[in-house]
Amino acid sequence: MRATTEAEACVPAGGFGRRKVAPRACIVDRKPHLRAFLADALEEHRFVTSECAGALELPARLTEHQPDLLVIGSTIDGIEAEAILDALAAAGFAGSVLTIAARETIMSDAIRRHGAERGLNMLPPLATPFSAQTLSHSLAPLVPQEPAPEPEIDVAEALKAGWLELWYQRCVDAHSLTPQGAEALLRMRHPNWGVVSPSALMPDHNDPHFRGLSEFVVRRAVADWHYLLDHQGPIDLSINLPVSFLGNDNALDDLAGWIPQHPAFGGLIIEVNAEEIVDHLPEMAEIGRRLRLRNVAIAIDKVGADWPSLMYLDNFPFVELKVDRTFVTGCADDRLKRSVCKRIVELAGDYGARCTATGIETRADFQTAHELGFDKMQGYLFGKPMGLKKFARAAHARPVAMHD
């Protein structure tokens with residue numbers, strides 16, 4: 001992977017929109033949960049975040065991360081804020097400062113005036129509680145005008161550096177809308193590029209690090225399951241793995257050794273793309289049968305126009321069919337998509353398997369998928385993929401009723 005040059009890393013005044021790496025933000029707040037909340041909000045806007053509790057820790061953060069935005073949280077009082085602004089001025093901070101407060105006060109006005117007097121770029125204050133739209137408006141001058149180019153990432157480097165993590169998107173019961181497990185999705189938190197999608201690092205099946213990446217997914221999902229057990233109770237998790245990993249002679253025994261032996265663990269779901277399943281159907285049917293004896297099951301992911309290839313099987317050890325989002329999104333207004341979805345739902349029912357609609361983004365698609373008889377649903381309408389801790393917190397939110 002090519003290193004970021006010094007010229008690219010530096011941002012001239014007024015030229016932030018041309019920056020070639022993700023913007024950086026440092027959050028200063030006394031309470032860890034508020035720092036975590038603000039970090040989540042800023043990462044939604046493609047910021048790479050760091051944090052500290054007060055003025056004493058700030059100089060080290062400024063040296064390490066060189067932020068473009070300094071956020072002073074609502075728990076920082078006037079005296080501490082003055083010390084923070086003095087530290088910024090002493091360090092020659094050329095970025096912007098955003099203060100957060102419950103309302104306008106004598107103190108908040110004094111903080112802004114002090115920062116301006118020290119030559120700092122003080123943004124208009126952000127009042128709490130704030131909406132996503134309000135935050136977007138405050139950050140608009142700082143967000144790059146064009147999406148950053150996708151970096152080329154070496155898998156071995158990402159694994160060694162610890163940049164990889166799993167994000168989770170919940171599934172819901174199609175009838176009650178209660179949570180029904182979650183899918184783990186690979187993400188990378190790069191020090192310069194921020195959160196990067198897996199398309200930037202997915203290796204070819206012949207890459208020698210492909211197995212290492214698959215092992216990481218399994219082991220991290222198991223560790224995350226224990227975390228979620230402690231913070232919200234048991235949850236069913238699914239992960240994505242390729243046929244090339246499952247076809248390895250040692251893979252099944254390895255999986256059996258990695259999965260939790262905890263009495264609350266209901267089993268692990270492995271999602272495999274339908275195209276790969278169809279190309280290796282006899283082999284995958286046998287692997288699916290053997291895995292179920294090890295408390296692991298296979299779900300066929302991204303089922304679409306290839307669904308007829310799954311008909312008339314004598315042995316169907318797969319627990320779930322997940323319909324590809326291209327046939328679900330917009331199905332309310334597309335007769336062909338509805339027809340494909342209906343056929344796959346019926347196929348799953350014939351085999352006694354669950355059927356999940358992915359890519360649900362609108363109430364209209366939800367209503368159509370509900371009428372078609374899907375068992376589960378997944379999509380932005382019910383929640384975007386989230387980092388582990390954010391997902392654990394969001395799990396306590398009550399589901400929104402979708403029925404009229």
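Visitor: Which helix gives the most to the lining of the largest cavity?

Guide: That's H8, with 3 residues in the lining. Keep in mind that this is a predicted model.

Visitor: OK, and how many cavities of 30 Å³ or more does a search of the whole structure find?

Guide: Just 1 turns up. The space in the largest cavity comes to about 40 Å³.

Visitor: Which residues line it?

Guide: The lining is made by Ala-221, Val-222, Trp-225, Leu-237, Pro-260, Phe-265 and Leu-268. By class, that's 7 nonpolar residues, with no polar and no charged ones.

Visitor: Switching to the largest nonpolar core: which residues touch the most other members?

Guide: Leu-246, Ile-270 and Leu-321 do, out of 79 residues in that core. Helix H8, residues 210-232, supplies the largest share of the core, 8 residues. Another core lies apart from it, with 19 residues, including Cys-26, Ala-81, Val-97 and Ile-111.

Visitor: Back to Leu-246, what does it touch, leaving out residues up to four places away in sequence?

Guide: Its contacts include Leu-241, Ala-251, Ile-270, Met-284 and Ile-298. Val-272 and Leu-291 are also among them.

Visitor: New topic, Lys-302. Where is it found?

Guide: Lys-302 is in strand S12, which covers residues 296-303.

Visitor: Why does Lys-302 count as partly exposed?

Guide: Because its relative accessibility is 45%, and partly exposed runs between the 20% and 50% cut-offs.

Visitor: And what does Lys-302 touch, beyond residues up to four places away in sequence?

Guide: Asn-273, Ala-274, Lys-322 and Asp-324. As for Arg-325, 23 residues apart from Lys-302 along the chain, the two C-alpha atoms are separated by 7.3 Å.

Methods: Residues numbered from 1 in each chain as written. Predicted model: local features only at pLDDT ≥ 70, side-chain atom pairs only at ≥ 80, totals over all residues. Heavy atoms only, no water. Core = buried A, V, L, I, M, F, W, Y, C linked by side-chain atoms within 4.5 Å. Buried < 20%, exposed > 50% of the residue type's maximum accessible area, 1.4 Å probe, protein only. Helix = DSSP H or I, 4+ residues; strand = E, 2+ residues; numbered from the N terminus. Contact = heavy atoms within 4.5 Å. 1 Å grid on protein atoms, 1.4 Å probe; cavity = no way out; pocket = protein on both sides within 12 Å on 5 of 7 lines; lining within 4 Å. Points joined across faces, edges and corners; volume = space filled by probe spheres on them. Nonpolar A, V, L, I, M, F, W, Y, C, P; charged D, E, K, R; others polar.
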